[in-house]
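Here are my notes on this one, written for someone opening it for the first time. Have a look at it first, then read on.

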Number of protein chains: 2
Amino acid sequence: MTTDQLSLTFSALADPTRRAILARLAGGEASVKELAAPFKMTLPAVSKHLKVLERAKLISRGRDAQWRPCRLRAEPLREVDDWVERYGQFWDESFGRLDDYLVELQSKEKDHDEPKDYR
Amino acid sequence: MTTDQLSLTFSALADPTRRAILARLAGGEASVKELAAPFKMTLPAVSKHLKVLERAKLISRGRDAQWRPCRLRAEPLREVDDWVERYGQFWDESFGRLDDYLVELQSKEKDHDEPKDYR
DNA sequence: CAGTTAGTTAACCAGATGGTGAAATGAAGC
DNA sequence: GCTTCATTTCACCATCTGGTTAACTAACTG
């Protein structure tokens, strides 16, 4: 497994159960049993998901008698946001159309036996 | 494996090699060999990474003689951005401090034998 | 045609992941 | 101390992942 924080964050988020848990925690802290309730899987399975989230620093856990309340720690998501923002220019529609146009130009160059530039 | 688009996108991004490939493609399309050059892994390994990215719709591939040029398809990243933006309020520092304050209050309630509310 | 270049597919491997049931731990309540 | 509730740990399992080497396909080149 990769150990950098961003990879850790992305792989923690790559599971709908874990994203649902985060969504729930956005509404306030919750115990493991409460977090597990909406899912059909067993408690140990949820416990594992929580460990993944904790390792990714997306949650932290306290202690209140026999409960281990979980709380959202969204800081790593800021790093995700920073990363994804760098691609913002590439997903706007007008860029897509310009892109297609450039591809067409390149195809025409190819017809003329021009070498392609793969920079 | 989970099949929803968002999980597919997150897990495709959860690998530094694949993120590096996307970064490279942000500078323009490239052949498989060119994409593989910076890495010490073999070509089939890169080919697999490209297949993951393609399945996540983060790249598309053309055909130019013996080359299979790859191009960035950043649209799925918009979905990631939308998802992560919902947590923006949770990673700002002042919220964190307010949060800690509320936890402290809750601890005090516990000292008074007040029942906790986990909603 | 034979040879070269670009890339994929196939078979394999080690280790991670996501789930299970059963047993262990920890704290509270009687 | 025994019981109960919340949660974790353990042992196990199937599947996915990320890498390898070797063999194959596809297209150009001479």
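The points below go through the two protein chains, then the two DNA strands, then one residue.

1. Ground rules. This is a predicted model, where local features need pLDDT of at least 70, side-chain atom pairs count only at pLDDT 80 or more, and totals for chains, interfaces and linings use all residues. Residues are numbered from 1 along each chain as its sequence is written, chains are lettered from A and ligands numbered from 1 in the order in which they are written, and side-chain values use heavy atoms, with hydrogens and water left out.

2. The two copies. Rotate chain A by 180 degrees, with 0.0 Å of shift along the axis, and chain A superposes on chain B at an RMSD of 0.0 Å (a least-squares fit on the C-alpha atoms of residues with pLDDT of at least 70 in both). The copies are thus related as by a two-fold rotation axis. They also meet through the same surface, because 98% of the interface residues of chain A are interface residues in chain B too.

3. DNA strand C. Which residues come nearest here? Of the 22 around this strand, they are A:Thr42, A:Lys48, A:His49, B:Ser47 and B:Lys51 ("near" means that a heavy atom of the residue lies within 4 Å). Sugar or phosphate makes up 81% of the strand C atoms within 4 Å of the protein, and bases the rest. Phosphate oxygens of strand C lie 2.2 Å from a polar side-chain atom of A:His49, 2.4 Å from one of B:Ser47 and 3.0 Å from one of B:Arg61.

4. DNA strand D. Again there are 22 residues around the strand, with A:Lys33, A:Ser47, B:Thr42, B:Lys48 and B:His49 coming nearest. Sugar and phosphate account for 79% of the strand D atoms that come within 4 Å of the protein. A phosphate oxygen of strand D sits 2.5 Å from a side-chain N or O atom of B:Thr42, and one is 3.1 Å from such an atom of B:Arg18. For A:Val32, a polar backbone atom is 3.2 Å from a phosphate oxygen of strand D. Helix 3 (32-36) and helix 4 (43-55) of chain A, plus helix 4 (43-55) of chain B, give two or more residues each to this surface (helices are DSSP runs of H or I, at least four residues, numbered from the N terminus).

5. A residue to click on. B:Thr9 lies in helix 1 (residues 5-13) of chain B. Is B:Thr9 buried or exposed? B:Thr9 is buried, with a relative accessible area of 0% (buried is under 20%, using a 1.4 Å probe and protein chains only). Leaving aside neighbours within four places in sequence, B:Thr9 is in contact with B:Ala56, B:Leu58, B:Pro76, B:Leu77 and B:Val80 (contact means heavy atoms within 4.5 Å).

Notes: A polar contact is a pair of N or O atoms within 3.5 Å; within protein, one must be able to donate a hydrogen and the other to accept it, and residues adjacent in sequence count only if both atoms are side-chain atoms. Buried means under 20% relative accessible area, exposed over 50%, partly exposed in between (1.4 Å probe, protein chains only).
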